[in-house]
Structures are given as structure tokens and as C-alpha cells.
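Trainee: I have a new model on my screen and would like to walk through it with you. Could we take it piece by piece?

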Amino acid sequence: MTAADAPHPEPLADPRRADFERWRRRSRLVRTLRVALPAAIALIFAGLLGSVAWSTFNAQPRSARAGDEPIRLTNPRFIGRDDKGRSFVLTADSAIRDRLDYQRVILKKPALVLDEKGPDEMRINGADGIFHEQSGKLELSNGVRMADSKNAFDTAASLFDTKTGEVVGSGPIQGAGGLGEIRADSYGVYGKGDRMVFKGGVRTRLETKK
């Protein structure tokens, strides 16, 4: 056998080595992708969650500030009728609705007229007031004045029920009625204003008609 007829193993081994190297590179790539892809997905989700959380926390103060602002009314006017069919009109210089209770309206210089130009007309006004729209009750305070065709009284506070037309108060009251001057610690006006009840330290000065 001559040297030319001898086997050549090296050329046969080169293709196998190249295939092995390609397989090993693919294996490294697959292992890398198995780690990198889940990590990339996790980072994307973390970024989305972070963006949502940031938007939520950043918007909360604005919403809170907007909710804190009361609802302001200019020249409010409330109208209705009591259970005796008498109409009433309640006005004020300004009003603010309570943001926690929409039916509660805080009034400045409220003025109420009951049965305007009628036989039972009554006027009540004060420096401050609170009107409860649902119950129809009006709280007046600070320099309250009540007047009808027969009486005129000044008091510190009063509670007027627009549904029944009754007025009550626990503060001192003084004024003049059909019989003369009256002072008392509490009072109530019932019916159509033809019955007034005074309690506590009542003082009167009767005036006889000539």
C-alpha cells in the first residue's frame, strides 16, 4: 500500500466538528432566550403597572381638591307651598351647597316671605341661615326678625318649617304684638300665625285700646 492509498481521517472529522459547533451555539441561544424573554416580559409588565400607579396617585390630589370645593349659588331662589296651601319664596344674597350633604344649603342674608300679599303674609329674615331642602326646614340666626300683619319680633335664632308654616325658637325674643310689648326666652308661632306661645321669663306690657 502506498502513501496515496492511506486513509485521511481529518477531512472527515471537520464536518462533524462544524455541526457540533453550530448545535452548541444554538443551544446557548436557546438558553439565553429562555432567560431573556421572561425577563423582558416581566420588565414590560412592571413598567405598565408603574405607569398606572403613577397616573392614579398623581390624579388623586386633583380629584380631592375638586371634590373639596363647595357648590356655590348666586342669588338662590326657592319656592313652594306649605300644607295649608300658602306659597312661600326664599331668597338670599348668596348660598353654598354642603358638599357632604347636597340637600343642605348655607345662606347669607336669607329672606323668606310666606303668603305674600295674602291675609297671612309673614316675613322672616336674618344674617345667616341653613335651608334643608329635603325636610323644608329653615334655620335662621343672627339678627332674626319676624313680622306679619299683627306682630313684629326680633330674636337671636328661629326654626321655620316651610311645610307646616310653624316657627319655633329657643333664644330670647322681644317685640310688639296685638296686645302690647312682649319679652320671653322661647317662643312658637302656630296655625296661620294667629296663635303665639311664649315661655320662660315672659314679660309683657299691655296696651289698652281707647
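Mentor: Gladly, and here is one term to begin with: contact means heavy atoms within 4.5 Å. This is a predicted model, where local features need pLDDT of at least 70, side-chain atom pairs count only at pLDDT 80 or more, and totals for chains, interfaces and linings use all residues. Residues are numbered from 1 along each chain as its sequence is written, and side-chain values use heavy atoms, with hydrogens and water left out.

Trainee: Leaving aside neighbours within four places in sequence, which residues is Asp 115 in contact with?

Mentor: Let's place the residue before listing its partners. Asp 115 is in the loop between strand S6 (111–114) and strand S7 (122–125); helices (H or I, at least four residues) and strands (E, at least two) are DSSP runs, numbered from the N terminus. With neighbours within four places set aside, the contacts of Asp 115 are Arg 86, Ser 87, Asp 120 and Glu 121.

Trainee: Which side chain of opposite charge is nearest to Asp 115, and how far away is it?

Mentor: Lys and Arg count as positive and Asp and Glu as negative, while His and the chain ends are not counted. A salt bridge needs a side-chain nitrogen of Lys or Arg within 4 Å of a carboxyl oxygen of Asp or Glu, and buried means under 20% relative accessible area, exposed over 50%, partly exposed in between (1.4 Å probe, protein chains only). Asp 115 is buried and has no salt bridge; the nearest such side chain is Arg 86, at 5.7 Å.

Trainee: What lies 2.9 Å from a polar atom of the Asp 115 side chain?

Mentor: Here the partner is a backbone atom. At 2.9 Å from that side-chain polar atom lies the backbone nitrogen of Asp 120.

Trainee: Is Asp 83 buried or exposed?

Mentor: Asp 83 also sits in a loop, the one between strand S2 (77–81) and strand S3 (87–91). It touches Lys 163 and Thr 164, not counting residues up to four places away in sequence. Because its relative accessibility is 55%, Asp 83 counts as exposed.

Trainee: How are S2 and S3 arranged, and which residue in the turn has a positive phi?

Mentor: S2 and S3 run antiparallel, joined by five bridges; two strands pair if DSSP finds at least two bridges between them. One bridge links Arg 81 to Ser 87 in S3. The two strands form a hairpin with five residues between them, and the turn residue with a positive phi, about 85°, is Gly 85.

Trainee: In S6, which residue is the bridge partner of Leu 90?

Mentor: S3 also runs antiparallel to S6, with four bridges joining them. In S6, the partner of Leu 90 is Leu 112.

Trainee: What is the phi of Lys 117, given that it is not a glycine?

Mentor: Lys 117 belongs to the loop between S6 and S7. It counts as exposed because its relative accessibility is 78%. Its phi is positive, at about 65°.

Trainee: Over which residues does pLDDT stay under 50?

Mentor: pLDDT is the predictor's confidence in each residue, from 0 to 100. The chain has a mean pLDDT of 78, and helix H1 (residues 9–68) has the lowest mean among its elements, 66. Where pLDDT is low, the predicted coordinates should not be read in detail. The stretch under 50, with zero contacts beyond four places in sequence, is residues 60–66.

Terms used:
Polar contact = N/O pair within 3.5 Å; in protein donor to acceptor, adjacent residues only side chain to side chain.
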